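Please follow this walk through a protein chain with the model open beside the text, turning to each region as it is named.

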Amino acid sequence: MATNAAGRKPESQLALVRRARKMNRILAETYPDAHCELDFRNPLELLVATILSAQCTDKRVNMVTPILFAKYPTVEDYAAADREEMEEIIRSTGFFRAKTNSIIGMAQAVCDRYGGEVPAKLKDLVTLPGVGRKTANVVLGNAFDVPGLTVDTHFQRLVRRFGWTEETDPVKIEHVVAELLPKRDWTIFSHRVIWHGRRICHARRPACGVCPLAALCPSYGTGPTGEAEARKLVRSGPFS
């Protein structure tokens, strides 16, 4: 049982579904342009960019990938890449040695197992080095139009604040949210939540006083509720 916005009383599954879907509609109205903020032209580029985005901002990744994509236009190029050269290109994204290992290993696996084509199934993607469910769902949803929930740190924080779940395990959170929303909305909902987390529902001081979800959120009041103070906390992209 979840909790509702009025007094945190037990909430039936049906009531939770209705509240969740209403919140999704409000987010759709608030962020009509929500989309993946990583730049890419094909599944391989998105897969590489998503690996680079771990512990790094999308803005920084987008500064690095034009150079990377130009130097390694095919999966075979990544598979045969000089490790030191790649590390130097992606150094500013952090954890560059581990990311280089993941990208080269991923590319070699794609060449060896999938004929040089990035697979379009979750069960195959998660077998690749450096690719977990979050990365796989990003690629599936945005490069292959296969619905998926991207359970990143923003997503986890917000759905708990929304009172949709108390789970902390990303896979369990994914399954809970999947039961609340239509499958066709999974990918775009992920973007809306991430946008909301970056712009209004911050980790430390959410801008509750200007949040469009305030009336439906049991965590209203975690941040300042006065409009003037809350308005100062609102951020806009691109994010550094």
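## Helix packing and a cysteine cluster

In this predicted model, helices α9 and α11 pack with their axes 9 Å apart and at an angle of about 85°. Because angles of 65 to 115 degrees count as roughly perpendicular, α9 and α11 are described as roughly perpendicular to each other. On the α9 side the contact is made by H154, F155, R157 and L158, which meet F189, S190, V193, I194, H196, G197 and R198 in α11.

One of these α11 residues, F189, deserves a separate look. How buried or exposed is F189? Its relative accessible area is 0%, so F189 counts as buried. Leaving aside residues up to four places away in sequence, F189 touches N24, L27, L149, F155, W164, V177 and L181, and of these F155 belongs to the α9 residues that meet α11. By contrast with these contacts, the C-alpha atoms of F189 and G94, which are 95 residues apart along the chain, are separated by 28 Å.

A second helix pair can be described in the same terms, since two packed helices are described by the angle between their axes and the distance between the axes. The axes of helix α5, residues 83-90, and helix α6, residues 96-114, come within 9 Å and cross at roughly 120°. That angle makes α5 oblique to α6, and α5 passes α6 in a right-handed crossing. The residues that meet are R83, M86, E87 and I90 from α5, and F96, R97, K99, T100, N101, I103 and I104 from α6.

Both α5 and α6 also take part in covering another helix, α2. Helix α2 spans residues 43-52 and is mostly covered, with nine of its ten residues buried. The buried residues of α2 are L44, E45, L46, L47, V48, A49, T50, I51 and L52, a list in which the glutamate E45 appears alongside L44 and L46. What covers these residues includes, besides α5 and α6, the helices α3 (58-71), α4 (75-79) and α8.

The contribution of α8 can be followed through T135, which is found in that helix, residues 133-143. At 8% relative accessibility T135 counts as buried, because the cut-off for buried is under 20%. Beyond residues up to four places away in sequence, T135 touches L47, T50 and G130, and L47 and T50 are among the buried residues of α2.

Two loop residues are notable for their backbone. Most residues other than glycine have a negative phi, yet Q55 has a positive phi of about 55° although it is not a glycine. Q55 is placed in the loop between α2 and α3, where its relative accessible area of 70% makes it exposed. D145 likewise has a positive phi, of about 60°, and is not a glycine. The place of D145 is in the loop between α8 and α9 (153-161), and at 68% relative accessibility D145 too counts as exposed.

Turning to the record, the UniProt annotation "domain: HhH-GPD", from an unreviewed entry, covers residues 52-199. Over residues 52-199 the chain is 64% helix and 0% strand, and the end C-alpha atoms are 22 Å apart.

For "binding site", the unreviewed UniProt entry lists C201, C208, C211 and C217. Although these four are spread over 17 residues of sequence, they cluster in space, with a largest C-alpha distance of 11.1 Å. The lining of the largest cavity takes in C201, C208, C211 and C217 from this set.

Where do C211 and C217 lie relative to the helices? C211 lies in the loop between α11 (186-199) and α12 (227-231), and C217 is found in the loop between α11 and α12 as well. C211 is buried, with a relative accessible area of 17%, and C217 is buried with a value of 12%. Not counting residues up to four places away in sequence, C211 touches H196 and I200. H196 is also one of the α11 residues that meet α9, and with this residue the path returns to the helix pair from which it set out.

Key:
Residues are numbered from 1 along each chain as its sequence is written. This is a predicted model: local features need pLDDT of at least 70, side-chain atom pairs count only at pLDDT 80 or more; totals for chains, interfaces and linings use all residues. Side-chain values use heavy atoms; hydrogens and water are left out. UniProt positions are given in the numbering used here, feature names are shortened, and annotations may be inferred rather than shown by experiment. On a 1 Å grid over the protein atoms alone, a cavity is a set of points where a 1.4 Å probe fits but cannot get out, and a pocket is an open set with protein on both sides within 12 Å along at least five of seven lines; lining residues have an atom within 4 Å of a point. Helices (H or I, at least four residues) and strands (E, at least two) are DSSP runs, numbered from the N terminus. Buried means under 20% relative accessible area, exposed over 50%, partly exposed in between (1.4 Å probe, protein chains only). Contact means heavy atoms within 4.5 Å. Axes are lines fitted to C-alpha atoms, for helices over the stretch in contact, and angles run from 0 to 180 degrees between N-to-C directions. Angles under 35 degrees count as roughly parallel, over 145 as roughly antiparallel, 65 to 115 as roughly perpendicular and the rest as oblique. A crossing is left-handed if the near helix is turned anticlockwise from the far one by less than a right angle, and right-handed if clockwise.
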